[in-house]
Amino acid sequence: MTNHPIATPLLQWFQANGRTLPWREEPRTPYRVWISEIMLQQTQVRTAVEYYRRWMRHFPNLVRLANASLDEVLKVWEGLGYYSRARNLHRCARIVMDEYHERFPRHPRELIRLPGIGPYTAAAIASFCFGAQVIAVDGNVRRVTARLFAFEKEVTRQDAERLLGPFYEGYPAGEMNEALMELGALRCLPSRPLCDTCPLRESCAAWQTGSVHRYPVKPEKKRVPHIYRTGYLILRDGAIFLRKRAPDEMLGGLWGVPLNGDGFPELPESGSVALPEVKHAYTHFRVTVRPVLIRLEAKIPAIIQKAGRFVPFQEVSDLALSGLDHKILGRLEAYLLERGSKFPPLDRGGEGR
Ligand code: SF4
């Protein structure tokens, strides 16, 4: 190895300060790296550790995951949010099992063709597990790059690759990637970076010019659409009516309270009871749901019956539900408790979101 003023202190710092995390334990297989990297997207490390351990108990290897049902996979994922990640993990496992003889392809160009694997995850798997010399650019790496170079625009993947490329020459990319990400997670924090103990301080343009607070340059905020829905709570004989969302719908494959406008008709609300609103935020939109306890006449209209089924209260927690549905059912739980009835507490998996 050469003695580069950034790479050398960075790797030394990482060797002394890198955290012990379950996915860094040996054997470091592509399966374990893949699962952890997908979980870590949009998820705090602390939460991901808990889910990762749970996941490995259920699906210790690719074949076990590929042979599981989607319902089983969604249930183990429940609470992590962004459910397309879980659906893609399941699809991808089946493809790797059937088309790649249970072995992940080694090259990022091939990895990226698999469902749910983008340029970052492909580079992470290829560099950590197969020794590929590729730069994995995640949010931490972008932020560190923006500050190291006092970069005056939003840092794209291509910018990061171009700027960081020379540091990687002669060093193992897997270790460099991990060290940079760790620096972003432990020192170069989004707000209040810990520059005093940063190994790259002397080479950091933002620190040298006293302008760390200016970087990374923020992109212009886009307006996030807000949608409004009514959630129908339909109860009968200790059971609640739930529908399984179609695969191509939002939260596809998950069970939940029927919402108007999501493939479910408007229901008459005379005699219904409105419960406090529920708000939930997704990456691309926000939703406000007004839960109403519907009083249906004795006969349930056929259109409703076809859309789902009555699930006994005790069995609701066996189904995979979204964070939004947990909140809605929480309103029902509170309403029933106030009146001395009980809706069994829901198993929220790990940390509900
Ligand atoms: S000196 Fe500060 S701003 Fe620069 S890389 Fe280190 S932690 Fe980030």
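Helix pairs whose axes meet at angles under 35 degrees are counted here as roughly parallel, those over 145 as roughly antiparallel, those from 65 to 115 as roughly perpendicular, and the rest as oblique. In the predicted model, the axes of helix α2 (residues 30–40) and helix α3 (residues 45–58) come within 9 Å and cross at roughly 140°; α2 and α3 are therefore oblique to each other. The crossing in which α2 passes α3 is right-handed. On the α2 side the contact is formed by I35, S36, M39 and L40, which meet V45, A48, Y51, Y52 and W55 of α3. Classified by residue type, this contact of α2 with α3 comprises 8 nonpolar residues and 1 polar residue, with no charged residues.

A second helix pair is formed by α5 and helix α6 (residues 84–99), which pack at an angle of about 135° with their axes 9 Å apart, so that α5 is oblique to α6. The crossing of α5 and α6 is right-handed. Here L70, V73, L74 and W77 of α5 meet A86, R87, L89 and H90 of α6, and the residues of the contact divide into 6 nonpolar, 1 polar and 1 charged.

At the level of domains, the protein is divided into domain 1, spanning 7–214, and domain 2, spanning 226–338, and the C-alpha centres of domain 1 and domain 2 lie 36 Å apart. Contact between the two domains involves 9 residues of domain 1 and 8 residues of domain 2. Helix α5 (residues 70–77) gives the most to the side of domain 1 that touches domain 2, contributing 4 residues; helix α5 is thus named both in this interdomain contact and in the packing against α6. The side of domain 1 that touches domain 2 has 3 nonpolar, 2 polar and 4 charged residues.

Turning to the ligand, 14 residues are found around it, of which R147, C188, C195, C198 and C204 come nearest. Both α9 (139–148) and α12 (205–208) supply at least two residues each to the shell around the ligand, and the largest share of that shell, amounting to 3 residues, comes from α9. In terms of residue class, the shell around the ligand contains 11 nonpolar and 3 charged residues, while no polar residues are present.

Technical notes
Residues are numbered from 1 along each chain as its sequence is written. This is a predicted model: local features need pLDDT of at least 70, side-chain atom pairs count only at pLDDT 80 or more; totals for chains, interfaces and linings use all residues. Axes are lines fitted to C-alpha atoms, for helices over the stretch in contact, and angles run from 0 to 180 degrees between N-to-C directions. A crossing is left-handed if the near helix is turned anticlockwise from the far one by less than a right angle, and right-handed if clockwise. Two residues are in contact if their C-beta atoms, placed from the backbone, lie within 7 Å. Ala, Val, Leu, Ile, Met, Phe, Trp, Tyr, Cys and Pro count as nonpolar, Asp, Glu, Lys and Arg as charged, and the others, Gly among them, as polar. Domain bounds come from an automatic or database domain assignment. A residue is near a molecule or strand if its C-beta atom, placed from the backbone, lies within 6 Å of it.
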